[in-house]
Amino acid sequence: MQSAFFKDFLYLTDIRTIIFIGVLVILFGVMKHMEKKKVKFSTRMLSATGLGLILGILIQIVGAYPTNPLEVPFIAEINKWYGLIANGFMNLLKMLVVPLIFVSIIRVILNMKQGENLGKLTMYTLLTLVSTTIVAAIIGLIVGNVFKLGVGYELVTGDAAIREVQPLVDTLQGLIPSNPVSAMAEGNIVAVVIFATFLGLATKRQMKKYETIVKPFIDLVEAFYKIILSVAMTIIKWMPYAVIALLANTIAGRGISAINDAIGFILATYVGVALMMVVHFILIACKGLNPIRYVHNVIDALVLAFTSRSSLGTLPVSIEKLTENVGLDNGTATFVGSLGSNAGMNGCAGIYPALVAVMVANMTGTPIDLTFIMMLIIVIALASFGIAGLPGSATMAISVVLSGMGLGEYFPLIAGVIAIDPILDMGRTMLNVNGTLTTAVLVGKAFNQIDEEVYYGRKTVQMD
Amino acid sequence: MQSAFFKDFLYLTDIRTIIFIGVLVILFGVMKHMEKKKVKFSTRMLSATGLGLILGILIQIVGAYPTNPLEVPFIAEINKWYGLIANGFMNLLKMLVVPLIFVSIIRVILNMKQGENLGKLTMYTLLTLVSTTIVAAIIGLIVGNVFKLGVGYELVTGDAAIREVQPLVDTLQGLIPSNPVSAMAEGNIVAVVIFATFLGLATKRQMKKYETIVKPFIDLVEAFYKIILSVAMTIIKWMPYAVIALLANTIAGRGISAINDAIGFILATYVGVALMMVVHFILIACKGLNPIRYVHNVIDALVLAFTSRSSLGTLPVSIEKLTENVGLDNGTATFVGSLGSNAGMNGCAGIYPALVAVMVANMTGTPIDLTFIMMLIIVIALASFGIAGLPGSATMAISVVLSGMGLGEYFPLIAGVIAIDPILDMGRTMLNVNGTLTTAVLVGKAFNQIDEEVYYGRKTVQMD
Amino acid sequence: MQSAFFKDFLYLTDIRTIIFIGVLVILFGVMKHMEKKKVKFSTRMLSATGLGLILGILIQIVGAYPTNPLEVPFIAEINKWYGLIANGFMNLLKMLVVPLIFVSIIRVILNMKQGENLGKLTMYTLLTLVSTTIVAAIIGLIVGNVFKLGVGYELVTGDAAIREVQPLVDTLQGLIPSNPVSAMAEGNIVAVVIFATFLGLATKRQMKKYETIVKPFIDLVEAFYKIILSVAMTIIKWMPYAVIALLANTIAGRGISAINDAIGFILATYVGVALMMVVHFILIACKGLNPIRYVHNVIDALVLAFTSRSSLGTLPVSIEKLTENVGLDNGTATFVGSLGSNAGMNGCAGIYPALVAVMVANMTGTPIDLTFIMMLIIVIALASFGIAGLPGSATMAISVVLSGMGLGEYFPLIAGVIAIDPILDMGRTMLNVNGTLTTAVLVGKAFNQIDEEVYYGRKTVQMD
């Protein structure tokens, strides 16, 4: 009789839901125990990833490998309840993004030494982001051809609709804030960066003439910065718990059969991601830094990116790792991080659209010749800016790129790929974040802002 | 010829509209005169209630007791013009809610003494709110049966549609802020409380290590708090004027025939409200405080709640009365007030859904046995959290509770009750606010934060 | 093949688009050169206006005077790209409006000397705004009759729909903020003014008793004010560049044939605007100030208003000119400017609706007798408040006024006028801004807040 209450309000109709909620609680106990035993944070993060993966597969097994797991009532219910932990945690991280970026950008400008140049820093950052995106696109092209995507097997045709392409000019114009409060409320990151930059530059200018008058503003920024970082540290401590729920939910929610259908594409994506990360490591090594140490320094950010599939949510963690472990100036870390979460995403705007373009070309018999390749690179380079800050950037990227290649009408062919998008999104997001982190390291090296004592763990810095 | 201008733009087509606007102006003059004669504030509030009631009935008389008063042009016009005063005033009070809660929560945390525990305070508050809601539900059950709701008379069946029940998990997740600025812009109170709590805790932590750095933030919170309280005091002074317009509008807008049709339900509601308020007084007496003195201390907040039908709008007044008259620590008053405006509402989530459930059960022949009673209590306890912070919480509460009792399909039967909702809402809101105030007193007593010298009027405290 | 990419994403399909983008870049070089040669700012502004006009006509010539220029692909593309500069610049100016008004209003109240009265200042400002709007309406009536609008030629009938008239009470109520953060996010200027006024008055009151506690807030307001003004100065420097793109876009986007069809109306509008500006100058002269010097002082604001067609976007420039060139107290300048951008707009709410009313009356054979004239004046006076702060205020004004005159049903007759609205909007907006500036001068004179040494250029003041 009371089914509606349990079904639609409580989302608790199946004993398996309750058991799996119990399992999560027990795993939280395990994590708590590891925390008490002072197990290293990264180790706990990796353990959480493992536990989340096993838990996700277990749910699939109990559900007898359903085709559409989220249509199985008890999996849908678990998904809601796990999501409360997973999304709740990501919301708390995202809550920090706007205030953190706002005060950090003002600070980075105020602390800029004579002779340093904000324009140069911005240019260098954007160039690095775009160049790595282009390299990622080339890797996508090669891998896609090696894996013969779209040749060997047929993808399920579905009703995936291409997204309306938003014009580049409109996107660029949308980045300019017309109201700082609504820019903050909407989480328009680039607009917040621009407003903060204007404020920072003006404050720096006024500091010379009217130091006593503007000082209260500077002091407040400094105070709020300390406080918001401290909030970040508190929330980041809960990360291992959230990672279990995040990963279990992604795995449990995907049908094995859908994964099988697109296994070639998944493999190609992850091979591409791995290759591109090797490129990142080589770039870091070229700058004279040990790439293995780099991985050690940023592994927590990569794990969170992988499990949460949110570049923006990972941003506070990225900034913390860059500051505390890499030894990069905190202001620069925030600046590069903010730009990198919005433009030049190696995964979403580089490898992924390249793979899709190759697959669609093969499926439709479009020759992949030099014109195709050159065109693809140009389109991807432009698109990597044109989709800045748009939600659902990966789908937007393939919409822009497929239209750009004149393949827009074949969008429905990729329905099978879209069905397993979360599986791809894990690798894609990790690559995005790694691209940003690598860019931050390269920029830091170029502007001589990395403390190698910290990088190699010989000195500790605390953000908090 | 110019009818559209007068009708749709000016809302002035009838001499009676102008006369009644004039009457309101004259009554304002009376109130002003009382203010000048230094008549006590509570007396003025009660006089305003009386005047508002008489004025509302007068409008009904002039309109010859229409069935749908708001379809009578001159009443609709008066309603618009009176609404300008009534809603304008409530808007000004609501304007203070977000900034007041934000700075108050930070302050209450910063001023917390060693050994005090925020978690314990929160727990105690929520437990008190839920327990009183359950008691309210039981009273609703008893009163509903005594009044034989749904047995003796037939309610008009209409096209009232049950609201889509929002899942508990989604509601809980919605309380976690993902962007503090949008949480503030949307007036998401619990999210603002959570963000402020994080900031407050971080500031407290940083105060030990970096006192000079975070001090500008603390000083600003303190300054802004003083200022916003002063704004609150200014606006609260206008309350008696607004009360006339608020009450006259509610009374004038309701048809006598609709009231007659649902007179049993109205009586049951107000008897229930009265009984529950007696329970509140007994609880206060058990804690060793004089309940008559309590009523004397908070009467203004109760009157505003009754006439304005807005728990949230009443919040600034509740906080003022708790601080200045009850002698409760201002921070705790704000904290308990914020939670009480969002969860465990004795009226909306307790008595009202219980009465509706009994009525629908009787109308449909559902037996009200022990299972029904136990189930109702469980459902109401859960729902009192699950509808936290949702707009239209009373309708949402009955949607959740009726679905929970398996009676969702009979929702149209209560159309007659919904027609006179504002009449019920007055009592319901007053009970909500009294529940919050009582909880604040109980919490204050338990944590030893009430200054009894103030409570008994032997000492004065000024917020401003 | 790649047409969608170039057409829908890049908006670059025509060589003429690229050439005209190039022309704009070259003109920017010219402006830059003038800047380096230290050509006076106003001279550069006027040169930019000339260049923008020529550029707009040139685009029309290349497009062979199309009827609907924005349906010609290459003009639509140029429009997008020029718009990026034009709207981007206006967005940056608008970005300053909310923070500038917020801190300025608080400051003007804090700095108010004993004996000065905020209420009197507000009253005087609003009265001046409304009286000038009524004078503008009378001029509109006369000019409309002299030009025999609606008699000599027939306007194209189209499907212009009258806008739903928003009731005066609702508009007034909408001005009262119920949440200061959402008021800021939505750019509800009057609500921001009201919130800031409450804060300012409370701060002033608390300053006496608790000076040390509220001082951090006052200092922060002062600091933020200095900073936001400095940002304004930076952005204002780019104005001549934006003016070229702004004007070229308006001219290029209008069809010559549409202009020809409504040439009588355009002429009448601009004659009316010119006459009303003469009235403004006479008012200034009556107060003992040289009107030629006045024009010299505020010309940049007028040029921006004319080219940008945005009263609100022009506000930061108006405030700067009033402060630096007119010598008006900065707080008063902001206060009057904020009100004037929202109520009593001489152009949008005065001349324009009067001209439209005359035209429609003539077209429909409605006699323009004394009743008509008196009614029009009353309607316009009321409407000039009732449309405060509404978007699209000119169309809203004619909707209210035509309904008010009982001519609402003939709204479709003015489709031809609406087709060339941007051409009219240039003059209208300039007149709005000049009305506000004149009001500011009159108020400043009345309250003795104009430094005539600055007015006559014998002393310089720097906002920054």
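Val356(C) touches Ile398(C), Leu402(C), Ile414(C) and Val417(C), leaving aside residues up to four places away in sequence; two residues are in contact if their C-beta atoms, placed from the backbone, lie within 7 Å. The model is predicted: local features need pLDDT of at least 70, side-chain atom pairs count only at pLDDT 80 or more, and totals for chains, interfaces and linings use all residues. Residues are numbered from 1 along each chain as its sequence is written, while chains are lettered from A and ligands numbered from 1 in the order in which they are written.

Val356(C) belongs to helix α16 (residues 346-364) of chain C; helices (H or I, at least four residues) and strands (E, at least two) are DSSP runs, numbered from the N terminus. Val356(C) counts as buried because it has 29 C-beta neighbours inside 10 Å. A residue is buried if 20 or more other C-beta atoms lie within 10 Å of its own, exposed if 12 or fewer, and partly exposed in between, with C-beta atoms placed from the backbone. Between the C-alpha atoms of Val356(C) and Val97(C), 259 residues apart along the chain, the separation is 31 Å.

**Helices α16(A) and α10(B)**

In chain A, helix α16 (residues 346-364) has 19 residues, which at 1.5 Å a residue should span 27 Å; its end C-alpha atoms are 26 Å apart, in agreement. The expected span of a helix is 1.5 Å times one less than its number of residues. Burial affects 16 of the 19 residues of α16(A), so that the helix is mostly covered. At Tyr352(A), shortly before the proline Pro353(A), α16(A) has a kink of about 30°; the bend at a residue is the angle between axes fitted to the seven residues ending there and the seven starting there. Gly365(A), just after α16(A), takes a positive phi of about 75°.

Helix α10 (residues 239-252) of chain B has 14 residues with an expected span of 20 Å, and its end C-alpha atoms are 20 Å apart, which agrees. Because 14 of the 14 residues of α10(B) are buried, this helix is largely enclosed by the rest of the structure.

**Positive phi outside glycine**

Arg309(A) is a residue other than glycine with a positive phi, near 55°. Its place is the loop between α13 (291-308) and α14 (311-326) of chain A. Arg309(A) is buried, with 25 other C-beta atoms within 10 Å. Lys148(B), also not a glycine, has a positive phi of about 50°. Lys148(B) is found in the loop between α5 (118-146) and α6 (168-174) of chain B and is partly exposed, with 14 other C-beta atoms within 10 Å.

**Chain A as a whole**

Chain A contains 21 helices and zero strands. Its radius of gyration is 23 Å, close to the 23 Å that the globule rule gives for 464 residues, so chain A is as compact as a globular protein of that length. This radius is taken over C-alpha atoms, and the globule rule is 2.2 Å times the number of residues to the power 0.38. The C-alpha trace of chain A spans about 70 × 60 × 45 Å along its principal axes. Of its 464 residues, 57% count as buried. Among contacts in chain A with a separation of 6 or more, 85% are between residues 24 or more positions apart.

**Contacts between chains**

The table sets out the two contacts.

| Contact | Residues from each chain | Element giving the largest share of the named side |
|---|---|---|
| Chain C with chain B | 37 residues from chain C, 34 residues from chain B | α8(C), seven residues, side of chain C |
| Chain A with chain C | 37 residues from chain A, 34 residues from chain C | α8(A), seven residues, side of chain A |

The side of chain C that touches chain B divides into 24 nonpolar, eleven polar and two charged residues. Here Ala, Val, Leu, Ile, Met, Phe, Trp, Tyr, Cys and Pro count as nonpolar, Asp, Glu, Lys and Arg as charged, and the others, Gly among them, as polar. The side of chain A that touches chain C likewise comprises 24 nonpolar, eleven polar and two charged residues.

Chain C is superposed on chain B (RMSD 0.0 Å) by a rotation of 120° with 0.0 Å of shift along its axis. That is the relation of a three-fold axis. Copies are superposed by least squares on the C-alpha atoms of residues with pLDDT of at least 70 in both. The copies use different surfaces, as 11% of the contact residues of chain C recur in chain B. A turn of 120° and a shift of 0.0 Å along the axis lay chain A on chain C with an RMSD of 0.0 Å. Here too the copies use different surfaces: 11% of the contact residues of chain A recur in chain C.
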